[in-house]
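Please open the model in your viewer and keep the sequence panel beside it. The stops below say what to select and what is to be found there.

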Amino acid sequence: AEVRADIVDSERLLKLLGLIPLNSNLLEIEARLLELSTSGMYDYELGALQMLDEGDEVSVKQEAVYSHEYTHLLQDANFDLSELYKSVNGDSDREMALQALIDGEATFVESTYAMQHISVDDVTDLVAVDPKDRAVLQATPVFLLLSLNWPYSAGYAFANATWQHGGMAALDAVWRDL
């Protein structure tokens, strides 16, 4: 019930600011986005890496997603994501910064993995968007897409810059002193 109330409040604010159309239903938009093709996720509360089985062959996209999600598992094992989330609870700026570090580093590792292990011929498969997902994305207000992507893009830029200046030791230092 609390999550629904937060979504209703967010919808009201986004409409007042003109960031989403007045006839939008944020709950429906978020539900459609959650239904997008997802091949895996790491649940830090359960400590479980979950990958959807899509047949006998592992696709290039699944391989890349696995490297991203496995990074979350390693982050949790080394830095206890549950405790980190608890430590920033209620401070939206710190929550967003933590989310950017988590997803940015995982995106950095995924990109590095892809550059080292995925052939140029397979890049098209890696970046392909399922047509039904494309329709959902095209129907989603741009502001929401940008805000959902922010932890990945800004976090990647931060992780990459940190790594450029000191490698994994520098990234680990960020984790140790948020």
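Begin with the whole protein chain, which is a predicted model: for 178 residues a compact globule would have a radius of gyration near 16 Å, and the 18 Å of this chain agrees with that. Its C-alpha atoms fill a box of roughly 45 × 40 × 30 Å along the principal axes. Colour the chain by secondary structure, and eight helices and two strands appear, in the order α-α-β-β-α-α-α-α-α-α from the N terminus on. Buried residues make up 31% of the 178 residues. Of the contacts between residues at least 6 apart in sequence, 65% join residues that are at least 24 apart.

**Stop one: Lys15**

Select Lys15, which lies in helix H1, residues 2-16. Is Lys15 buried or exposed? Its relative accessible area is 18%, and because the limit for buried is under 20%, Lys15 counts as buried. Show its side chain together with that of Glu11, and you will find a polar contact of 2.8 Å joining the two. Beyond its neighbours within four places in sequence, Lys15 is in contact with Ile20, Pro21, Leu22 and Ser24.

**Stop two: helix H2**

Move on to helix H2, residues 26-34, and select Leu26, Ile29 and Leu33, which are buried. These residues cover an arc of only 60° around the axis, and therefore they lie on the same side of H2. In general, an α-helix has 3.6 residues a turn, so residues three or four places apart point the same way. To see what covers the buried residues of H2, display its surroundings, which include H1, H7 and H8. At the N-terminal end of H2, select Asn25, which caps the helix with a side-chain oxygen lying 3.0 Å from the backbone nitrogen of Leu27.

**Stop three: the strands**

Now select strand S1, residues 40-43, and strand S2, residues 48-51, which pair in the antiparallel sense over four bridges. Which residue of S2 stands opposite Tyr42? The answer is Leu49. The two strands form a hairpin with four residues between them, and in that turn Gly47 has a positive phi of about 65°.

**Stop four: helix H3**

Go next to helix H3, residues 60-79, and select Ser67, which is buried with a relative accessible area of 11%. The side chain of Ser67 reaches the backbone oxygen of Ala64 at 2.6 Å, while its contacts, not counting residues up to four places away in sequence, are with Val109, Glu110 and Tyr113.

Then turn to the aromatic rings, for which the count comes to five pairs. In one of them, the rings of Tyr66 and Tyr70 have their centres 5.8 Å apart and their planes at 20°, so the pair is stacked. Tyr66 and Tyr70 are separated by about one helical turn, because they are four residues apart in helix H3. Tyr66 is partly exposed, with a relative accessible area of 38%, and Tyr70 is partly exposed as well, at 37%.

Another pair to select is that of Phe79 and Trp175, which is stacked with 4.9 Å from centre to centre and 10° between the planes. Since Phe79 lies in helix H3 and Trp175 in helix H8, this pair ties together parts that are 96 residues apart in sequence. Phe79 is partly exposed at 21% relative accessible area, whereas Trp175 is buried at 3%. To finish with the rings, select Phe108, Tyr156 and Trp163, which ring pairs link into a cluster.

**Last stop: Thr140**

Finally, select Thr140, whose place is in the loop between helix H7, residues 131-139, and helix H8, residues 142-176. Although in a loop, Thr140 is buried, with a relative accessible area of 5%. Which residues does Thr140 touch, not counting those up to four places away in sequence? They are Ile29, Leu33 and Leu145; Ile29 and Leu33 are among the buried residues of H2 seen at the second stop. The side chain of Thr140 also reaches the backbone oxygen of Val136 at 2.7 Å. As a last exercise with the distance tool, compare Thr140 with Asp91, which is 49 residues away along the chain and has its C-alpha atom 27 Å from that of Thr140.

Note on methods:
Residues are numbered from 1 along each chain as its sequence is written. This is a predicted model: local features need pLDDT of at least 70, side-chain atom pairs count only at pLDDT 80 or more; totals for chains, interfaces and linings use all residues. Side-chain values use heavy atoms; hydrogens and water are left out. Buried means under 20% relative accessible area, exposed over 50%, partly exposed in between (1.4 Å probe, protein chains only). A polar contact is a pair of N or O atoms within 3.5 Å; within protein, one must be able to donate a hydrogen and the other to accept it, and residues adjacent in sequence count only if both atoms are side-chain atoms. Contact means heavy atoms within 4.5 Å. Two strands pair if DSSP finds at least two bridges between them. The arc is that of the directions from the helix axis to the C-beta atoms. Rings of Phe, Tyr and Trp (its six-membered ring) pair if their centres lie within 6.5 Å; planes under 30 degrees apart count as stacked, over 60 as edge-to-face and the rest as tilted. The radius of gyration is taken over C-alpha atoms; the globule rule is 2.2 Å times the number of residues to the power 0.38.
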